[in-house]
Amino acid sequence: MTTVPSMMPVVEVATAGGPEGMRLGRRPVPVPAEGEVLLRVAAAGVNRPDVLQRQGSYPPPPGASDVLGLEIAGEVAALGPGVAGLSIGAQVTALVTGGGYAGYAVAAAALCLPVPRGFTMIEAAALPETFFTVWTNLFERGACKAGETVLIHGGTSGIGTVAIQLAAAFGARVLATAGSDAKARACERLGAVRGIDYRAEDFVEVVRRETGDRGADVILDMVCGPYVPRNIAAAAVEGRIVTIAVQGGAHSDVDFGLVMRKRLTLTGSTLRPRTVAQKAVIAEGLRRHVWPLLEAGRVRPVVHATFPLGEAAAAHRLMESSAHVGKIVLTVPA
Ligand SMILES: NC(=O)c1ccc[n+]([C@@H]2O[C@H](COP(=O)([O-])OP(=O)(O)OC[C@H]3O[C@@H](n4cnc5c(N)ncnc54)[C@H](OP(=O)(O)O)[C@@H]3O)[C@@H](O)[C@H]2O)c1
């Protein structure tokens with residue numbers, strides 16, 4: 001059995017703002033509370049919300065670690081009181097409310113899922129944030145079903161690459177937008193029947209053409225702002241529009257006459273502030289419906305690049321360039 005050290009490396013945000021404000025520091029290893037486990041972090045996923053938190057515009061919820069990092073993969077190093085069903089040495093991937101950019105992190109046992117067979121720790125670390133988000137928004141809220149047409153915005157983002165693959169795996173017909181022709185083609189390689197370079201084409205027109213004027217049944221949107229009326233125009237009767245980010249602005253003018261005539265549902269959600277019990281329901285859905293697809297090799301996270309923990313700033317620069325297709329992951333040496 002490996003002993004747990006008292007101190008560990010962490011990435012700290014010394015100055016909110018640019019990536020250069022992050023630095024490698026040392027902090028005490030956290031102690032797992034009731035229902036939690038301590039993981040020795042092997043790899044940690046980088047997500048857009050980490051960038052927003054670093055910039056100072058997305059503070060951690062009360063009680064969460066101020067250290068960045070919402071998803072990790074690693075080995076269970078210690079069990080908190082009341083944990084059953086997980087043992088020391090188990091290899092898991094976990095959704096955390098913070099603290100992932102570190103040598104060790106605590107995670108709720110209910111939010112740990114096994115590293116899928118055949119997956120590296122890097123691939124496993126790329127799973128939780130995007131899969132929890134896509135499952136709860138596209139399938140639970142958006143009620144995406146086989147045979148429906150789904151429009152995924154931000155198709156080459158970490159979230160988008162998973163949304164395309166999962167929607168296609170569940171039998172939906174996927175259209176996806178991205179900011180260049182090369183990225184639109186990458187969406188098609190992931191399973192979209194049509195990638196749309198939104199800088200060169202009007203996605204509303206393409207959706208109309210591709211659906212014989214019917215529109216998309218489900219739209220997963222991470223832009224909002226000016227996209228809202230365009231999404232409403234691109235939606236089918238009884239369509240569901242699910243907003244998961246407001247990168248283009250949180251406000252928009254909505255023609256509710258059209259919302260009524262099309263009988264649309266406009267919805268959205270955030271993941272991080274939900275309770276452990278609420279997230280555990282999503283974890284169960286993933287374990288039952290999605291983990292078998294991962295283990296069968298039908299869906300695979302796309303890892304664009306990895307960086308050592310000490311180079312978190314370079315990882316953030318890459319994410320902010322939007323040149324990536326898929327996930328960026330930090331590795332933590334033993
Ligand atoms: N609601 C939730 O529960 C939840 C959970 C996790 C993440 N999110 C959000 O989901 C989004 C994707 O997250 P991620 O980690 O997958 O991020 P990511 O890989 O960095 O993807 C963001 C994508 O958004 C596209 N984009 C479109 N308009 C943009 C704009 N005005 N500014 C910047 N990018 C723009 C970019 O692609 P193009 O260059 O091709 O446009 C980029 O690929 C983020 O906005 C994140 O905050 C929401």
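A residue is near a molecule if one of its heavy atoms lies within 4 Å of it. This is a predicted model, where local features need pLDDT of at least 70, side-chain atom pairs count only at pLDDT 80 or more, and totals for chains, interfaces and linings use all residues. Residues are numbered from 1 along each chain as its sequence is written, and side-chain values use heavy atoms, with hydrogens and water left out.

**Exercise 1.** Find how many residues surround the ligand, and which are the closest.

*Solution.* Start with the shell: 23 residues surround the ligand. Now pick out the closest, which are R48, G179, Y198, S269 and H324.

**Exercise 2.** Look for polar contacts (pairs of N or O atoms within 3.5 Å) to the ligand.

*Solution.* Begin with side chains. A polar atom in the side chain of Y198 is 2.4 Å from a ligand oxygen atom, and one in the side chain of R48 is 2.7 Å from an oxygen atom of the ligand. Next, turn to the backbone: an N or O atom of I244 lies 2.9 Å from a ligand nitrogen atom. Finally, check the cover: of the 910 Å² of accessible area (Shrake-Rupley method, 1.4 Å probe) that the ligand has on its own, the protein covers 87%.

**Exercise 3.** Work out how strand 14 and strand 15 (DSSP runs of E, at least two residues) are joined.

*Solution.* First, locate strand 14 at residues 303-308 and strand 15 at residues 327-331; they run parallel, joined by five bridges. Then take one residue: A305 has I328 in strand 15 as its bridge partner.

Terms used: Two strands pair if DSSP finds at least two bridges between them. Helices (H or I, at least four residues) and strands (E, at least two) are DSSP runs, numbered from the N terminus. A polar contact is a pair of N or O atoms within 3.5 Å; within protein, one must be able to donate a hydrogen and the other to accept it, and residues adjacent in sequence count only if both atoms are side-chain atoms.
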